[in-house]
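Visitor: I have a structure to look at, and I'd like to know how its labels are earned. Could you walk me through it?

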Amino acid sequence: MPKQDEIKKTKISKTNAARLLEQAKIEYELIAYEFDENDLSAPHVAEALNEPIEQVFKTLVLKGDKNGYFVCVIPGDSEVDLKKAAKVSGNKNCDLIPMKDLLPLTGYIRGGCSPIGMKKHFPTYIHETSLLYEHTFVSAGQRGLQLKIKTAALIAVSKAGVVDIVP
């Protein structure tokens, strides 16, 4: 059980992702939740939101050997299949970027990385199970804040390909 000072309450403030959605006139909902510095996992987020883990997606940044950086958005209870991710992104192989590179590359930190509003747009791939849900939950760009967004809108705004990228 985390100590009280390890649990943070997030005040709702506009993130870069929320501002971009507003500019594009895309409906969304910002949902704040208490987060634990020691447990930034998707299952913890899903539990805090009281939503099914399969509908709470996590954003991963990878680097391929041929085409550079790209983004995978996968269900919270899944791991990315590196072989499938490499193939869909036009690479022979790929790997997750080192954590220390996340902030300088994307503008986001671990536990608060959104597929919307990174410093630069990278090719983005969202797992096909997202199509099972009218709404998808993704990070709003800061720890303790999620976006509830129509799946079709998320795919459109992030210019994502819908693919199979989990085992």
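Guide: Here is a short chat about the labels and the values behind them.

Guide: One thing up front: this is a predicted model. The protein chain has 5 helices and 10 strands.

Visitor: What makes the radius of gyration of the protein chain agree with a compact globule?

Guide: With 167 residues, a compact globule would have a radius of gyration near 15 Å, and the protein chain has 15 Å, so the two agree. Along its principal axes, the C-alpha trace spans about 45 × 35 × 30 Å. As for cover, 47% of the 167 residues count as buried.

Visitor: What share of the contacts with a separation of 6 or more comes from residues 24 or more positions apart?

Guide: Those pairs account for 62% of them.

Visitor: Why is the pair Lys14 and Glu22 called a salt bridge?

Guide: The label needs a side-chain nitrogen of Lys or Arg within 4 Å of a carboxyl oxygen of Asp or Glu. For Lys14 and Glu22, the closest N and O atoms are 2.9 Å apart, so the pair meets that cut-off. The structure holds 5 salt bridges.

Visitor: Why is Lys14 called partly exposed?

Guide: Partly exposed sits between the two cut-offs, buried being under 20% relative accessible area and exposed over 50%. Lys14 has 44% relative accessibility, so it counts as partly exposed. Its partner Glu22, at 39%, counts as partly exposed too.

Visitor: How do you know that Glu37 and Arg143 form a salt bridge?

Guide: Their closest N and O atoms are 3.0 Å apart, and the limit is 4 Å, so the name fits. This pair links distant parts of the chain, 106 residues apart. Glu37 lies in the loop between strand E3 and helix H2, and Arg143 in the loop between strand E8 and strand E9.

Visitor: Which of those two, Glu37 or Arg143, counts as buried, and why?

Guide: Arg143 does, because its relative accessibility is 19% and buried means under 20%. Glu37, at 37%, counts as partly exposed.

Visitor: What makes Asp164 and Lys84 a salt bridge?

Guide: Here the closest N and O atoms are 2.9 Å apart, so the pair falls within 4 Å. Asp164 is in the segment after strand E10 and Lys84 is in helix H3, 80 residues apart.

Visitor: And why are Asp164 and Lys84 partly exposed?

Guide: Asp164 has a relative accessible area of 30% and Lys84 has 27%. Both values lie between 20% and 50%, so both residues are partly exposed.

How values were computed: Residues numbered from 1 in each chain as written. Predicted model: local features only at pLDDT ≥ 70, side-chain atom pairs only at ≥ 80, totals over all residues. Heavy atoms only, no water. Helix = DSSP H or I, 4+ residues; strand = E, 2+ residues; numbered from the N terminus. Rg over C-alpha atoms; globule rule 2.2 N^0.38 Å. Buried < 20%, exposed > 50% of the residue type's maximum accessible area, 1.4 Å probe, protein only. Contact = heavy atoms within 4.5 Å.
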